[in-house]
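Reader: I am new to reading protein models, and I would like to look closely at one small part. Could you take me through a pair of neighbouring strands, and then tell me how far the model as a whole can be trusted?

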Amino acid sequence: MLSTLPLLPVLLGYASYQVNAATAGSFVNAGNTLVSAMMMFVGNSEKVYILDKAEGNAAQINGHPAWGAVWDFGTQQATVMDVRTNVFCSSGMHLPNGSYVTFGGNGAVGQGGNLGSQLNPGGYSAAWDATYQDFDGTKAIRILNPCTNSDDFTSSKCQWFDDPTVLSMQTMRWYSAAEALADGSIIIIGGFTNGGYINRNYPNVDPATEGGAANPTYEYFPSNGQTPATFNFMIQTSGLNAYAHTFLMPDGKLFVQANVSTVLWDHKANQETPLPPMPGNIVRVYPASGATAMLPLTPANNYTPTIIFCGGSDMPDYAWGNYTFPFINTWDYPASSKCHTITPEPVDGSAPSYVEDDDMPETRSMGQFITLPTGQLLVVNGALNGTAGYSQATGQTPTFAQMPFGESLSSGPVGTPALYDPTKPAGQRWSNTGFGTSKIPRLYHSSAVLLPDASVLIAGSNPNVDVNLTTIFPTTYQAEIFYPPYFSATTRPQPVGMPNTLSYGGNPFDILIPATSYSGSANDAADSATVVIHRSGFTTHAMNMGQRLLQLNNTYTVNSNGSITLHVAQVPPNPNLFTPGPAFMFVNVHGIPSNGSYLIVGNGQIGAQPTSAASVLPPSVRLAGASGSADPSNTSSSGSNGSTTGSTSHTGLIIGAIVAVVAILGAIGAFIGICTARRRRAAARISPSSSSYPMTSAAGGLAGAGGALGMRGAGVRSSDSSAFVPLQHSNHSQAWNASTTSLNTPYKDHDDAPMGRPSGMGMSMDYDPYASSPMNPNPDSGRPPRY
């Protein structure tokens with residue numbers, strides 16, 4: 001049985017109230033992740049867990065390359081972990097007891113991304129590979145109980161459970177969506193059955209299944225025993241519905257966005273209510289990969305969800321191509337800078353609609369929103385031009401030797417974060433003043449997550465089929481931490497009495513803010529104080545699945561010694577607002593957050609959550625003349641607080657125990673014994689498709705776009721992948737400063753590099769990264785595509 005997490009009080013306090021603040025707006029080295037961080041999640045107050053696809057990482061474990069690791073928040077060092085199946089492009093989510101689960105992935109692969117040595121029936125994917133020793137992950141369900149330094153990490157209780165013969169989905173899923181529900185179960189939506197650039201053939205004559213390569217169904221974890229049913233929206237959005245953006249609404253319906261369509265979906269009845277399409281035909285799902293998040297749920301907005309979308313791409317439909325590759329040179333096509341918001345269930349009964357918001361400071365695909373404890377949203381990573389994904393050809397560039405950025409389908413790394421404040425007036429919501437610029441490109445397969453001290457861990461980037469350290473955008477192991485503006489304050493709130501658990505409704509509790517936590521008027525500090533619970537989610541592909549911030553209602557009492565007692569409500573009695581499971585509690589004073597305190601929301605079990613009446617709070621009590629004792633020069637922040645104070649009552653702390661959420665697994669013994677063949681030394685070479693999909697011959701082609709985005713003859717050269725070295729560019733402004741990059745003359749990393757480049761890890765230069773048997777572009781060939 002999976003162990004439950006011990007519910008010990010977890011406070012990231014310091015020996016004194018003065019903290020050694022990092023420089024606000026700066027990036028610092030955060031060590032080597034050992035595996036490229038395609039996926040990350042914060043497991044507890046000490047550990048961040050990292051997953052990569054099965055590939056040739058130098059770090060080894062149990063005789064094969066590692067594609068799992070755990071990063072320690074205190075030491076900033078990583079330790080490899082064994083993962084048995086190929087996690088490539090899986091989805092993931094939290095469980096009510098604090099465990100995490102991932103779903104699906106890709107078939108087994110070997111060197112150079114070739115199919116593994118033991119093929120599945122039909123020969124389109126592999127069950128296992130003798131070199132990388134990865135198993136087929138397309139149906140896998142993997143579960144991890146996060147552990148702390150006090151635990152025995154060699155114990156199976158602290159390791160990934162990854163055995164599809166014991167625990168698996170009913171169907172194969174790659175790039176599926178996952179969303180937690182009110183009872184702690186998880187819905188898993190759509191995906192490919194094997195993979196490709198986008199989820200369609202072209203012309204798209206079979207939008208439902210694409211000859212067996214698409215999966216338009218949904219299922220649940222734990223399984224409800226029902227055969228996966230078809231979600232018609234996944235057929236309507238065929239092609240551009242990988243990692244469909246999915247958010248649970250207060251009434252239990254799901255807001256789902258893919259391609260340029262939007263729907264409210266009653267998944268229990270499988271009934272859809274269409275919502276307006278995305279303005280400007282801007283695609284926000286993978287591979288356009290726009291930044292997407294739910295804005296903070298607060299008492300001021302009556303806990304009404306609003307979703308924000310920024311960036312992505314408005315490429316014409318034809319340009320997206322098919323499973324094999326895009327039909328245009330995507331790296332020449334500027335991403336979008338547009339932002340839109342939608343409130344799917346307005347409380348006033350009005351019809352939902354998309355509203356154009358302030359543009360981002362620059363165009364950006366693969367940008368990722370990180371919700372900060374203050375209620376602001378930080379966007380990090382991404383590119384000025386192009387899309388996610390990788391390829392060794394496009395419809396305009398027929399050979400790998402002609403690809404100007406290696407396998408990357410994007411160009412123009414955006415190294416400067418930007419801050420969005422939803423409380424600011426229109427026209428003033430974006431800022432990047434005082435922000436540094438990372439010198440590490442964070443493109444396809446980058447990730448980011450909020451840490452318990454309210455800084456942001458940024459890692460990954462690997463637009464390559466296998467490890468490649470010599471290409472222009474290499475496989476990246478160097479992590480960074482970005483410090484938001486509130487780190488200009490060296491004194492942080494040091495709340496006392498943070499709970500271990502929260503319930504849905506019920507008796508409120510008290511938190512004490514010492515006078516040493518702030519300066520100036522106590523009444524002003526109390527007025528500014530907010531208490532929030534933050535879930536950073538499972539991050540991959542420029543998304544944080546399950547990321548949410550909810551402000552708890554509170555009132556206060558100002559005490560004569562300058563301390564402030566916050567009377568804080570429990571979570572509103574609706575588990576749809578914040579599903580059961582792990583979270584961090586932060587207290588903000590004057591826009592400066594405390595360190596986060598780990599807790600569990602709900603009863604720690606899958607099932608209907610107990611609810612009580614909403615907490616009743618006493619009125620606030622002010623006291624003239626009371627003040628904080630901190631040095632005023634240490635308590636100011638250049639950031640502003642986007643949260644809003646609510647109202648709340650006092651009572652003792654809620655103490656409880658968590659019961660295990662998953663009782664279906666026995667103790668894990670020895671892994672499956674396999675006699676492995678001797679490691680192969682070279683990848684098999686497989687020829688790419690000969691079709692170049694000329695723009696001029698396409699029906700309804702890209703007149704205008706095709707002419708403007710012609711092929712380039714520039715080749716690719718090697719670059720140093722060392723930390724903080726900007727790709728050896730001689731023109732640093734072209735490489736890194738978005739403000740000086742002309743989008744009329746699309747971004748180029750170089751103009752005169754020699755044709756061709758070394759292959760790095762022995763990767764086949766002629767290999768199509770998505771297909772061992774490249775797709776026949778003739779839809780009438782009768783052969784189902786498998787990639």
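Author: In this predicted model, strand E14 (residues 177-180) pairs with strand E15 (residues 186-189) in the antiparallel sense, over four bridges. Strands here are DSSP runs of at least two residues, numbered from the N terminus, and two of them pair if DSSP finds at least two bridges between them. Within this pairing, alanine 180 of E14 stands opposite isoleucine 186 of E15. The two strands form a hairpin with five residues between them, and in that turn glycine 184 has a positive phi of about 90°.

Turning to the side chains of E14, Ala177 and Glu179 point one way while Ala178 and Ala180 point the other way, and yet all of them are buried, that is, under 20% relative accessible area, with exposed meaning over 50% and partly exposed in between (1.4 Å probe, protein chains only).

As for confidence, the chain averages a pLDDT of 83, and 78% of the residues score at least 70; pLDDT is the predictor's confidence in each residue, from 0 to 100. Residues 1-21 stay under 50, although the model gives them 63 contacts (heavy atoms within 4.5 Å) beyond four places in sequence. Over residues 639-787 the pLDDT is likewise below 50, and this stretch has 394 contacts beyond near neighbours in sequence.

Residues are numbered from 1 along each chain as its sequence is written, and side-chain values use heavy atoms, leaving out hydrogens and water. Local features need pLDDT of at least 70 and side-chain atom pairs count only at 80 or more, whereas totals for chains, interfaces and linings use all residues.
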